[in-house]
Amino acid sequence: MKSVELSCKVNGRPVSLPVEPDTMLVDFLRGHLGLTGTKTGCREGECGTCTVLLDGMPVNSCILPALKAAGREITTIEGLARPDGSLDDIQEAFMDAGAIQCGYCSPGMMLTAKSLLEKNPNPSEDEIKHALSGVLCRCTGYRKIVQAVRDASCRK
Amino acid sequence: MSQNSEEKRQVKTLERERLDLGRLVKVGEAGLRIVGDSVRRTDDVLKATGKLKYAADYPQEGFLHGKILRSPYPHALIRSIDVSKARELPGVVCALTGGDVPGRNGFGAILPDQPVICQDKVRYIGDGVALVAAESERIAQKALELIRVEYEELPAVFDPRDALAEGAPKIHETGNQISLDKLRKGDVEAGFAQADVILERTYQVPFLEHAYMEPDCCWAIPQPDGTMMVEGPMQAPFAVRRNVAPVLGVPINMVRARQIHMGGGFGGKEDSPIDLCCRAAVLAKHTGRPVRISLEREEVTLQTCKRHPMIMELKVGVTKDGKLTAFKSTVYDEQGAYASLGPKIPPAGGSHVHAMVMSPGPYEIENCWVDAYLCYTNHPYGGAMRGFGAPQVHIAHEQMMDELAAELGMDPVDIRRKNAFKLGSKTATSQVLDQSVGLRETLDACEERFGWSQRSDSAGWVDAAKTKRRGVGVAMGWYRTSIGTGGDACGANVHVHEDGSVILYSGITEMGQGAFTVLPQICAEALGVELEDVRLVKPDTDLVPESGPTVGSRSTTLMGNAIILACRQVRESLDQKAAEMLGVEPERLVFCGRKVFDRDNPDGKALEFRQVAAAAMASGMRLIGQGWWAPPKASLDPETGQGSPYFVYTYSTHMAEVEVDVQTGEVTVTDYVAAFDVGKAINPKALEGQIEGGVAMGLGYALMEKVVLENGMPQNMSLQNYLIPTMLDMPDLKPLVLEQTNQHGPYGAKGIGEMPNIPATPAVINAVANACGGRVRSLPANPEAVFWAIRELGGPPQD
């Protein structure tokens, strides 16, 4: 398959690389860029583990062709911390609440939470649950994740 | 920390039955600083920033990619197999069949009955018949399509009762029945004669998928000295090593197994890494190159172990005032194609014997009789999954308790309180529970917090239009700490350095449960240093002492004790040196917060921990400790199932409130309280995390989870159709933590990992029955099952 040049912004940095058209965004991020913080759990858009932000919106990067990201801005877990290196409120809140167990879903959870709080700084519990329900977690039972998002919204 | 996450975390220490803690920790030992504190997890930052490497994140340069050709038939003979075309494909480095396995062509957590590569027959869809290693996954996949296998189909067996029938197709040469285990206590017929009510019911549970978020991925790297190194997310590195060595035909010391942080395990990654590492190692041996095998989600479902399905036929007698008089049960425990973790390791190891021991529940019953069959079928195989046989049997006895209560017109809480274990109770195996029995306290705490009496009075229609009914359910449970095998034990090494820093070597693995935080907490507490002074060496069979598997809710307790004993050895040197330096008797020394001082003169001269360590080292004293701890000896008579199989148990009571849509059968869990007697919460927040996750998994078991099999073929292999609870399925859960000190536990602790999963399922099922009258005895209680359960009654209650 003939490669096509993909230009986009990843975690604030411009990136331009040739990719095969059937490359999914997650493989571009993990394989081409070495950003292995984004995980895969099902490769069919069901578990939400691979969630990244595309222009601030959560997307399942395992079913999104990488070329769809052309000219757009992608945020992965590696780009969630502040430019000065200090952690985002969401990261701090997840750790404080005990919302991370095996950690495999955590990048997807935290990025989805980030997108929610950008749009809705004071979400209700119900709004948090609806916004994050697309990311599956088998470890935590979700309670501490909901608490963490609520905590993060109070920190702002 | 913000206000919100501090809310309502309460750990209640029960003073009653307070015991002298015996050899390991003395009551009144200096106030605990680190144990009992909800410190942040040691691996949190790496996980929160995406820097932690899971297996799939490791570089793959130089690796070959292994793929497994799987049987499409549940039971067949292999007539011929031709891999020549696959070998010719450019990029393929080797294609192997059964004859190519260098050593023993078999692996298994307990019995090596599963072929690394099937040679003459296949026993389930998913059995491996050929292995390929190629330069890329795509090429390896393509090579599989070029392999020609001729099969001769054999009649298959999919029901354990059929497998036991005379003339059933033989799955293994040894026969389909792996074991019939028996439990006999008292005289069960005499018990039924004393009963006023006798009920007979059959309960059934399906295969369940662990659904850990991280699909399996393991690799093997041949080392220059001839050692084979295998790595991957694994719960039991020592069991992996124990299998890879004979498969390669080399001694155990020529295999090195290293754990990589797991993206969830839940028992499933006790088995699957044995499978993957054996296969990767065989490919690596043949090619002389590193070989990696990574499974897609569908392959995980096809190939790896599941929770055992069971059919449980119960007959239970009770007097009219609610006292249980006799318990009789026949259990058909379906092992599937391979033995995995089902069979017995004497005296009481293996999931099947554990299920039998637990099956009468946490109740005093004079007369018990259990026949428990474990048998092969041509289904995928059952392995360990959070509870190891206990969730299944709890689903039976806890439903039966409610059915008996309903028959007697009794409150489900009252019948449980009437029979529940207390200090001094005798279990169904006639084990006397002589310490740490907080079951009744969990019932009291749960009842109060949930408001059981008011709630149960308000069961009934939710809305005026009569579309939804509300109900409440209760379930109790018990779960062992330890695994009941003769060899159950843990070793730990602790090295203290001259600057006061510490290295802890432990073979207990991290799968999200928090071992890498809790174990250093125990080490820091025992030495009197800070948590950040302790660095944990990750499980590596070349470096750490044998620790057994990370299963059976054993890690905190068994490894915790081993760590304390290791620290004691180091402390002998430190005590002697500090006593010299302070001029006091060693017994008067207190080690706390990197300081060493005289207990009787706490405001006097204090030494720095590192000063003492440096002085001890400069005097040639031993600063290396090795702790080894084995629980009190397990026993279980093979004929009668009588004895003391596990040395201590965790206890729990759960209460659930549900709403049932009587038109659609859909169930919503609206409220939940779960109380536990945990001995001692080493890290209360991490412990709550175990509770919350375990309850969620139990709720999935109750309402939605089932591996659907058609002629041995899983029909729901992806997370699109194998449903697990999402955030929207979870009620507002309130965990209650009680501490009834375990005299054999580090600081009084006992296991928690599995317990929360166990009573959750029957609590929800009982609440559904309370709400709509319909009882689902064959799980899951999905909308269809609940719909029909209501229709069987002629519709929902009208009151």
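**Exercise 1. Where the chains meet**

Work out how many residues of chain B are in contact with how many of chain A, and which helix of chain B gives the most to that side.

*Solution.* Start with the count: 44 residues of chain B are in contact with 44 residues of chain A. Keep in mind as you go that you're looking at a predicted model.

Next, look for helices on the chain B side. Helix 1 (3–6), helix 2 (44–48) and helix 18 (684–703) of chain B each supply at least two residues there. Helix 18 of chain B gives the most, with 8 residues.

Last, sort the residues on the side of chain B that touches chain A by class: you get 19 nonpolar, 13 polar and 12 charged.

**Exercise 2. Helix 18 and its partner**

Decide how helix 18 of chain B and helix 19 (residues 760–772) of chain B are placed against each other.

*Solution.* Stay with helix 18 of chain B and turn to its packing against helix 19 of chain B: the angle is about 50 degrees, and the axes are 7 Å apart. The two helices are therefore oblique to each other. As for handedness, helix 18 of chain B passes helix 19 of chain B in a right-handed crossing.

Now find the residues that touch. Helix 18 of chain B brings in B:G694, B:V695, B:G698, B:L699, B:Y701, B:A702 and B:L703, while helix 19 of chain B offers B:A760, B:T761, B:V764 and B:I765. Sorted by class, this contact has 8 nonpolar and 3 polar residues, and no charged ones.

**Exercise 3. Walking across a sheet**

Find the strand order of the open sheet of 7 strands in chain B, and say which strands stand at the edges.

*Solution.* Going across the sheet in chain B, the order is 4-6-2-13-10-11-12, with mixed pairing. Strand 4 (92–96) and strand 12 (255–259) of chain B stand at the edges; each has a single partner strand, so one side of each has no neighbour in the sheet. On average, neighbouring strands are turned by 20 degrees against each other, if you ignore direction.

Check the edge at strand 4 of chain B. Strand 4 pairs with strand 6 of chain B in the antiparallel sense over 4 bridges, and B:A95 stands opposite B:V132 in strand 6 of chain B.

Then see what packs on the sheet. Helix 7 (residues 237–248) of chain B touches strand 11 (228–232) and strand 12 of chain B, and its direction makes about 150 degrees with that of strand 12 of chain B.

**Exercise 4. A strand with two partners**

Is strand 2 (residues 64–70) of chain B largely enclosed or largely open, and why? Describe how strand 2 of chain B pairs with strand 6 and strand 13 of chain B, too.

*Solution.* Count first: 6 of the 7 residues of strand 2 of chain B are buried, so the rest of the structure largely encloses this strand.

Now take the partners one by one. With strand 6 (residues 128–134) of chain B, strand 2 of chain B pairs in the antiparallel sense over 6 bridges; B:L69 has B:A130 as its bridge partner there. With strand 13 (residues 291–294) of chain B, strand 2 of chain B runs parallel, joined by 2 bridges. Here B:H65 has B:R292 as its bridge partner.

Note on methods:
Residues are numbered from 1 along each chain as its sequence is written. Chains are lettered from A and ligands numbered from 1 in the order in which they are written. This is a predicted model: local features need pLDDT of at least 70, side-chain atom pairs count only at pLDDT 80 or more; totals for chains, interfaces and linings use all residues. A residue is buried if 20 or more other C-beta atoms lie within 10 Å of its own, exposed if 12 or fewer, and partly exposed in between; C-beta atoms are placed from the backbone. Two strands pair if DSSP finds at least two bridges between them. Two residues are in contact if their C-beta atoms, placed from the backbone, lie within 7 Å. Ala, Val, Leu, Ile, Met, Phe, Trp, Tyr, Cys and Pro count as nonpolar, Asp, Glu, Lys and Arg as charged, and the others, Gly among them, as polar. Axes are lines fitted to C-alpha atoms, for helices over the stretch in contact, and angles run from 0 to 180 degrees between N-to-C directions. Angles under 35 degrees count as roughly parallel, over 145 as roughly antiparallel, 65 to 115 as roughly perpendicular and the rest as oblique. A crossing is left-handed if the near helix is turned anticlockwise from the far one by less than a right angle, and right-handed if clockwise.
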